[in-house]
Amino acid sequence: MVGNRQLATRYFLAPLAGYTHLAFRLAIRELGGVGLATTDLVQATTLLSGRAKALELVQTCEDDNPLSVQIFSGKTDELVAAARWLQDHGYGGIDINMGCPMAKVNGQGGGARLMCDAENAARLVEQVVKAVDVPVTVKMRLGWDRESITSPLLAREFEKIGVAAITIHGRTRSQGFTGDVNRSAIKATVEAVDHIPVIGNGDVRTAQDALNMRRETGCAAVAIGRGAMLDPWIFRRIQNVINGETTTDPSPDEQVDFLVRHFYRMTEQHDEYSCILFRKFAAWYGAKLGIPEDLEDRLRRLTSYDEFDQIIKQIRRRHGERESTTATALIKVPNGPVERW
Ligand SMILES: Cc1cc2nc3c(=O)[nH]c(=O)nc-3n(C[C@H](O)[C@H](O)[C@H](O)COP(=O)(O)O)c2cc1C
């Protein structure tokens with residue numbers, strides 16, 4: 001349960017801006033096992049001003065359920081207004097971003113910056129909780145840096161003011177995406193609250209990792225981001241393991257079917273412009289499915305539906321020509337010193 005929402009599983013899709021868009025969410029939900037998904041982070045003010053980009057990020061449909069929309073801002077009135085807007089437009093859950101390490105988000109007082117002032121963060125979240133009836137959740141990191149691990153304190157405060165659940169990425173802001181996920185620090189946050197669910201997050205890549213995260217931290221649920229991009233079947237595999245069933249790898253055809261569904265779901269939202277948008281996924285699918293280089297290259301320059309159909313036919317026919325590899329590096333995390341992100 002997250003607030004009044006009964007979720008089918010304890011394994012959630014974590015937001016990955018630029019990847020976990022509507023089309024990807026729909027494609028992965030069809031494989032089974034996803035308990036909850038969250039949109040990419042949306043700036044509260046751009047949503048309120050009706051900017052096309054923000055409206056696109058919150059676009060959803062009946063099959064894209066249950067869904068939370070993630071918003072960010074350092075300003076209480078903006079967050080409150082965005083939360084009300086979302087509730088008025090029928091969204092079932094609001095997630096406040098307190099984990100983003102990017103300068104453009106932190107510079108406005110949003111994202112991980114909020115974790116530096118627990119009192120201010122709690123007052124801000126409290127106003128959002130009071131303003132809406134739908135469950136409000138918070139996604140955060142362990143704290144700003146090693147000297148400032150604020151997640152247990154914040155989690156306790158958030159519980160008192162009615163936050164429905166908390167997701168913890170087990171790294172500090174200054175760690176960025178480097179170093180190990182600190183599961184004992186996630187555990188300390190789990191132990192700091194009385195009853196609300198804490199959702200563990202970070203570096204879960206296999207079904208066993210997800211179960212270990214729960215066992216080692218006592219968290220109620222697990223959010224999976226990059227692991228779901230690398231293996232969209234991970235949620236189904238987790239359910240297989242829990243149910244004592246054997247997990248089978250998807251056949252090459254099933255994997256290509258996933259790519260096709262992802263693309264067609266995109267066309268429902270973006271029509272033929274999807275050909276341009278889908279180019280970004282060429283390298284990732286290329287590595288993952290072992291698509292021959294010339295076909296990957298054509299996917300990277302895709303211009304029409306007809307061409308897409310031709311490429312897919314050839315991908316199916318020429319399966320096995322190139323070995324598939326783990327495409328980890330293709331999910332871009334910011335690099336360089338975290339201070340300059
Ligand atoms: C490319 C990318 C985009 C991300 N976008 C968001 C976002 O919009 N909101 C958010 O709360 N976290 C975001 N994250 C953080 C992830 O949700 C997650 O906390 C982090 O990647 C660790 O989990 P993982 O190892 O399962 O990916 C992003 C991470 C990456 C790599």
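This report walks through one stretch of a predicted model, from helix α4 to strand β5 and its neighbours, and then steps back to the two domains.

**The helix**

Let's start with α4, which covers residues 76-88. That's 13 residues, and the distance from the first C-alpha to the last is 18 Å, close to the 18 Å expected at 1.5 Å a residue.

Which residues of α4 are buried? They are Glu78, Leu79, Val80, Ala82, Ala83 and Leu86. If you look at those numbers, it helps to know that an α-helix has 3.6 residues a turn, so residues three or four places apart point the same way. The cover over the buried residues of α4 comes from several elements, including α2 (44-48), β4 (67-72), β5 (94-98) and α6 (118-131). Once you get just past the end of α4, you meet glycine 90, which has a positive phi of about 90°.

**The strand that follows**

Now for β5. Five of its five residues are buried, so to speak of β5 as mostly covered is fair, with buried meaning under 20% relative accessible area. What sits on each side of this strand? Ile94, Ile96 and Met98 are on one side, while Asp95 and Asn97 are on the other, and both faces are covered.

β5 also has strands to pair with. Here are the two pairings, with a residue match from each:

| Pair | Sense | Bridges | Residues matched |
|---|---|---|---|
| β4 and β5 | parallel | three | glutamine 70 and aspartate 95 |
| β5 and β6 (136-141) | parallel | five | aspartate 95 and threonine 137 |

Follow aspartate 95 through the table: this β5 residue is the bridge partner of glutamine 70, and aspartate 95 also stands opposite threonine 137 in β6. Put the pieces together in your viewer and you can trace β4, then α4, then β5, which make a right-handed β-α-β unit.

**Stepping back to the domains**

The protein is split into domain 1, residues 11-242, and domain 2, residues 252-317. How many Å separate the centres of the two domains? Taken over C-alpha atoms, the answer is 30 Å.

The two domains do touch: 20 residues of domain 1 are in contact with 13 residues of domain 2. Between them, about 1,500 Å² of area is buried, and carbon and sulfur atoms give 62% of that. On the domain 1 side, three residues stand out: Ala23, Glu30 and Trp233 supply 29% of the area that domain 1 buries against domain 2, more than any other three residues.

Notes
Residues are numbered from 1 along each chain as its sequence is written. This is a predicted model: local features need pLDDT of at least 70, side-chain atom pairs count only at pLDDT 80 or more; totals for chains, interfaces and linings use all residues. Side-chain values use heavy atoms; hydrogens and water are left out. Helices (H or I, at least four residues) and strands (E, at least two) are DSSP runs, numbered from the N terminus. The expected span of a helix is 1.5 Å times one less than its number of residues. Buried means under 20% relative accessible area, exposed over 50%, partly exposed in between (1.4 Å probe, protein chains only). Contact means heavy atoms within 4.5 Å. Two strands pair if DSSP finds at least two bridges between them. A crossover is right-handed if, with the strands pointing away from the viewer, the path from the first strand over the helix to the second runs clockwise. Domain bounds come from an automatic or database domain assignment. Buried area is the accessible area (1.4 Å probe) that two parts lose on being put together, summed over both.
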